[in-house]
Amino acid sequence: MSNPSTGASSKSKVSSSQPSETSFKRKRGVFQKDLQHMMYGFGDDPNPLPETVALVEDIVVEYVTDMAHKAQDIGSKRGKLSVEDFLYLIRKDLPKLNRCTELLSMQEELKQARKAFEVDEEKLGTLE
Amino acid sequence: MKSIVSNTLTQEFRNYNRLYFLVKDLLDFIRKIYSRNPVNDLKKCLADEKARYQFVIRAGTDTEVLWNDGRQSKTEPVYKRSIEFDQNHPKRMKQSKDPFEAALEEQEESPPNSPVGEDELNSQTPNEPQNQTNGGHNLLVDDDDYDEIGPNVKNSSHPSSTSTCKLHSTIVNANVATGATTKNKEYDDDEEEENMEVELSKFPSSADPTKMAKMQAILSQFTEDQMSRYESFRRSALQRSNMRRLLVSITGSQKISLPMTIVVCGIAKMFVGELVEKARIVMTERKESGPIRPCHIREAYRRLKIEGKVPKRSVQRLFR
């Protein structure tokens with residue numbers, strides 16, 4: 001199931017995935033900087049150990065991968081992948097579910113506000 | 001560790017917010033002026049058949065609006081009023097300043113801030129005795145409205161500081177930020193104070209005043225260390241571009257919508273939180289201290305798996 005390791009640079013790591021058309025190469029430290037801040041925020045040292053960060057990143061990528069695969073399985077029944085599939089996956093986990101709905105509603109509001117702002121600018125322009 | 005990530009979607013949004021409401025207020029003000037004087041009157045003012053113009057004289061508490069006729073060198077009064085000093089009216093108590101200027105100052109110093117404030121603004125009816133428009137007079141100066149806009153803005157900005165952003169750009173704040181921002185630019189680090197101000201206004205995701213009050217009470221008691229950690233918590237986020245790239249490579253489909261990226265970033269961040277917190281619990285059980293080590297994370301991950309919070313792979317991974 002895992003893709004054969006292509007003789008890539010020493011920095012790249014091949015993670016297993018579904019047999020997709022392209023082999024998936026993942027560089028280490030994609031989320032490293034953000035993860036450091038995040039781990040500090042959640043309770044770690046202000047300077048977390050690099051190996052810890054690397055491990056957490058691996059775990060997170062694996063987590064996201066598994067979630068995405070599951071969501072795809074669900075989504076394929078309906079046709080295509082959508083946000084609803086992810087929300088369905090975390091339905092049992094209440095804090096996550098609430099957080100996601102909050103994020104989505106906030107994004108809507110921001111979009112509305114931006115649109116309204118542009119509309120007002122137009123009006124201001126036409127008034128002159 | 002240096003502070004934080006930029007974010008500032010919040011920052012940017014705050015600026016948008018201010019601008020937006022400033023513009024909106026200006027527009028409302030302009031509309032009020034023009035609505036009071038129907039267009040005909042305005043046209044009559046501007047396109048007087050005798051080509052006159054109007055001017056306003058104010059001396060102390062007396063105001064006069066007059067037509068000025070250049071050809072005849074004589075003025076024709078349009079409107080005249082003296083302001084009675086009304087003891088009961090609260091605004092009039094500080095009669096020292098020109099109310100127009102006072103309103104202008106107030107408006108400048110506290111930019112309109114929140115939707116709540118804005119509603120108050122719109123629902124206010126003119127209550128100033130000064131400058132009443134009588135039917136036939138063609139008044140162009142409208143001090144009333146400006147005056148009422150000013151102080152109202154000021155009043156509304158008190159609660160608004162907390163209620164402004166329900167528009168939690170926490171995401172923006174990068175904390176939980178994964179979401180709202182569509183832009184992923186890195187801004188300069190903000191000052192801590194500014195962050196506090198921004199975060200205080202970020203609270204009401206529920207827009208619940210009691211919760212807000214509680215949050216503020218708690219926040220005010222934070223030590224500097226706690227505050228910095230909390231700031232990191234709020235503002236950190238996984239980069240949406242990276243997440244999007246990861247999702248594309250996983251699913252093989254290019255059509256990853258923005259909400260999906262936002263949701264996945266949020267979920268991932270919470271997962272990191274669960275991991276780190278459980279690792280800390282493991283550490284206290286083992287009576288260890290210092291930075292978290294990989295063994296703690298592995299133990300935490302194992303426990304999460306048992307609890308079922310980690311999606312199980314249908315096929316076992318043999319090679320890692």
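**Figure 1. K287(B), an exposed residue in a loop of chain B.** In this predicted model, K287(B) has a relative accessible area of 74% and so counts as exposed; the word exposed stands for over 50% relative accessible area, buried for under 20%, and partly exposed for values in between, found with a 1.4 Å probe and protein chains only. The loop that holds K287(B) runs between α11 and α12 of chain B. Helices here are DSSP runs of H or I with at least four residues, strands are runs of E with at least two, and both are numbered from the N terminus. The phi angle of K287(B) is near 60 degrees, a positive value in a residue other than glycine.

Two notes help with reading every view. Residues are numbered from 1 along each chain as its sequence is written, while chains are lettered from A and ligands numbered from 1 in the order in which they are written. Because the model is predicted, local features need pLDDT of at least 70 and side-chain atom pairs count only at pLDDT 80 or more, although totals for chains, interfaces and linings use all residues; side-chain values use heavy atoms, with hydrogens and water left out.

**Figure 2. The helices on either side of that loop, α11(B) and α12(B).** Two packed helices are described by the angle between their axes and the distance between the axes. Helix α11 (residues 258–285) and helix α12 (residues 294–307) of chain B have axes that come within 8 Å and cross at roughly 115 degrees. Therefore α11(B) is roughly perpendicular to α12(B). Axes are lines fitted to C-alpha atoms, for helices over the stretch in contact, and angles run from 0 to 180 degrees between N-to-C directions. Angles under 35 degrees count as roughly parallel, over 145 as roughly antiparallel, 65 to 115 as roughly perpendicular and the rest as oblique. The crossing of α11(B) and α12(B) is right-handed, a term for a near helix turned clockwise from the far one by less than a right angle, with anticlockwise giving left-handed. On the α11(B) side, the residues that meet α12(B) are F271(B), E274(B), L275(B), K278(B), A279(B), V282(B), M283(B) and E285(B). Their partners in α12(B) are H296(B), I297(B), E299(B), A300(B), Y301(B), R303(B), L304(B) and E307(B). By class, the residues of the contact of α11(B) with α12(B) are nine nonpolar, one polar and six charged. Nonpolar covers Ala, Val, Leu, Ile, Met, Phe, Trp, Tyr, Cys and Pro; charged covers Asp, Glu, Lys and Arg; the others, Gly among them, are polar.

**Figure 3. A buried leucine of helix α12, L304(B).** Where does L304(B) sit? This residue belongs to helix α12 of chain B, and its relative accessibility of 2% makes it buried. Leaving aside neighbours within four places in sequence, L304(B) is in contact (heavy atoms within 4.5 Å) with F271(B), E274(B), L275(B), K278(B), K309(B) and V310(B). One of these partners, L275(B), is 29 residues away along the chain, and its C-alpha atom is separated from that of L304(B) by 7.8 Å.

**Figure 4. Helix α2(A) of chain A packed with α11(B) of chain B.** Which angle do these two helices make? Helix α2 (residues 50–78) of chain A and α11(B) pack at about 135 degrees, with their axes 10 Å apart. That angle makes α2(A) oblique to α11(B), and the crossing is right-handed. From α2(A), V56(A), I59(A), V60(A), Y63(A), V64(A) and M67(A) take part in the contact. From α11(B) come V264(B), I267(B), A268(B), F271(B), V272(B) and L275(B). The contact of α2(A) with α11(B) has 12 nonpolar, no polar and no charged residues.

**Figure 5. Helices α1(A) and α2(A) within chain A.** Helix α1 (residues 32–42) and α2(A) have axes that come within 10 Å and cross at roughly 105 degrees. The two helices are therefore roughly perpendicular to each other. Q32(A), L35(A), Q36(A) and M39(A) of α1(A) make the contact with T52(A), V53(A), V56(A) and E57(A) of α2(A). These residues divide into four nonpolar, three polar and one charged. Across chain A, the elements run β-β-α-α-α-α from the N terminus on, and 47% of the 128 residues count as buried.
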